[in-house]
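Here's a friendly walk through a protein model. Have a look at the structure first, and then we'll go through its sheets, its ligand site and its domains.

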Amino acid sequence: MAFDFIASALEKRRSEGLLRSRKTVDSASGPMIEIGGQHYINFSSNDYLAMRRSSVVMQAWVDGISEYGGGSGASPLVTGYTNAHQALEEYLATELKRDKVLLFNSGFAANQAVCQALFSQKHGEHQDLIIADKLMHASFVEGAKGSLAKLSRFKHNDLQHLQILLNSTDKHQAQNILVATEGVFSMDGDQAPLSEMVTMSQRSGAWLMVDDAHGFGMLGEHGLGVVETHQLSQQQLPILMATFGKAIGTAGAFVAGSHDFIDYLINFAKHYVYSTAMPAAQAYATLMSLQAKQSNERRTILAERIELFKSLADKAGLPLMPSNSAIQPLLIGDAQKAISASEKLKTLGLWVTAIRYPTVPKHTDRLRITLTAAHDPRDIESLIDALQIVLLDNKKAVR
Ligand SMILES: Cc1ncc(COP(=O)(O)O)c(C=O)c1O
């Protein structure tokens, strides 16, 4: 029968405890969400700075819609590119000290676009090469797999392994090599050793790309992400990609780089050329969020919440992973157990999503806890108490 793999693929996922389904959120306010008539403290949001419902962002959407309307009406090369898009691109280029910036509708589209545009041509008998961290996001990995480049992956943050792969490029005689990693890893919350990676890439004549989806808005005094914390010039980091749907509190993404590189994307990136432009109101709200002074205070509050969580979790004997970011995973190692822990936390009024294979490697199923500036210290204390009950077999609370 045609497409009969659909039913069997779903059944396989179900039997392995890996089937996904959606939960409808009815409302959200501060750190709380309402799902199915129940209220929970939400520890599964990437709205790290709680900007999504800030007065700045909400008012900017209203103002943007009254100025530009609901949608952009066309793709950017037709009539969808407005002065709101241009202002956002120019602001980012100036702040990040890049020649040029290009907006995308999503981070997924931006990563796919970079891979498609850079690696859709053959150069004689030599195959281009993408060398990516093993834990890179699916949007990049799938883009790389769908391109004409060969994809090699190095063990997570393992510089020795990266060097071995770079050395083997001599034999491979690849003309164009892209080394790719993330600023802050989406599922582990740790950071890439970027200073070393810059040196190694430059020594091999490779371009370095960073997906800073979880670092942008978060890291650095001005929230400019790894470019700010590592002082990375455009020459050291020729391709920077980041998203607006997390710390910035809107949606969409950008790619930043040289004049030629961005002009090349404008001409050859199909996800850009053949897609309706991001609504101008969204570009305007994003710019207002980026310029909002309150982000600074919120980064400070969030840093305090992260510190509190880590110190209480440590005292409680919870098995933390080496993350200093708002992403604090607790490794469970089994899909069913991760789901069961998440369900038990729900009964205690906490929403903590279980992340399972294939989103994370096999046997690294986990609770992905995300902290935000909307959390009160008491929310964090409740979380620690609940985690002890659920994960540490009812051990007495340490406080
Ligand atoms: C590291 C990383 N890159 C890219 C994306 C995709 O971004 P978007 O949600 O804007 O499509 C995500 C989203 O979760 C991500 O975590």
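Let's start with a pair of strands: β2 (residues 32-35) and β3 (residues 38-42) run antiparallel and are joined by four bridges. Across this pair, E34 sits opposite H39 in β3. A word on terms: strands (E, at least two residues) and helices (H or I, at least four residues) are DSSP runs, numbered from the N terminus. Two strands count as paired if DSSP finds at least two bridges between them.

Before going on, keep in mind that this is a predicted model, where local features need pLDDT of at least 70 and side-chain atom pairs count only at pLDDT 80 or more, while totals for chains, interfaces and linings use all residues. Residue numbers start from 1 along each chain, as its sequence is written.

Back to the strands: β2 and β3 belong to an open sheet of four strands, ordered β1-β2-β3-β12, with mixed pairing. At its edges are β1 (25-29) and β12 (350-351); each has a single partner strand, so one side of each is left without a neighbour in the sheet.

There's also an open sheet of three strands, in the order β11-β14-β13, and its pairing is antiparallel. Here β11 (327-331) and β13 (354-355) are the edge strands, pairing on one side only. Two bridges link β13 to β14 (residues 366-370) in the antiparallel sense, and R366 in β14 is the bridge partner of I355.

Now, which residues are closest to the ligand? They are S106, G107, F108, S186 and A213, out of 13 that surround the ligand. (A residue counts as near a molecule or strand if its C-beta atom, placed from the backbone, lies within 6 Å of it.) Helix α5 (residues 107-118) gives the largest share of this shell, with three residues. By class, the shell has three nonpolar, eight polar and two charged residues. Here Ala, Val, Leu, Ile, Met, Phe, Trp, Tyr, Cys and Pro count as nonpolar, Asp, Glu, Lys and Arg as charged, and the others, Gly among them, as polar.

Finally, the chain splits into two domains, with bounds from an automatic or database domain assignment.

| Domain | Residue range | Residues in the contact |
|---|---|---|
| Domain 1 | 30-51 + 294-391 | 20 residues |
| Domain 2 | 55-291 | 17 residues |

Contact here means that the C-beta atoms of two residues, placed from the backbone, lie within 7 Å. The C-alpha centres of domain 1 and domain 2 are 27 Å apart. On the side of domain 1 that touches domain 2, α14 (294-316) and β11 each supply at least two residues. That side divides into 10 nonpolar, seven polar and three charged residues.
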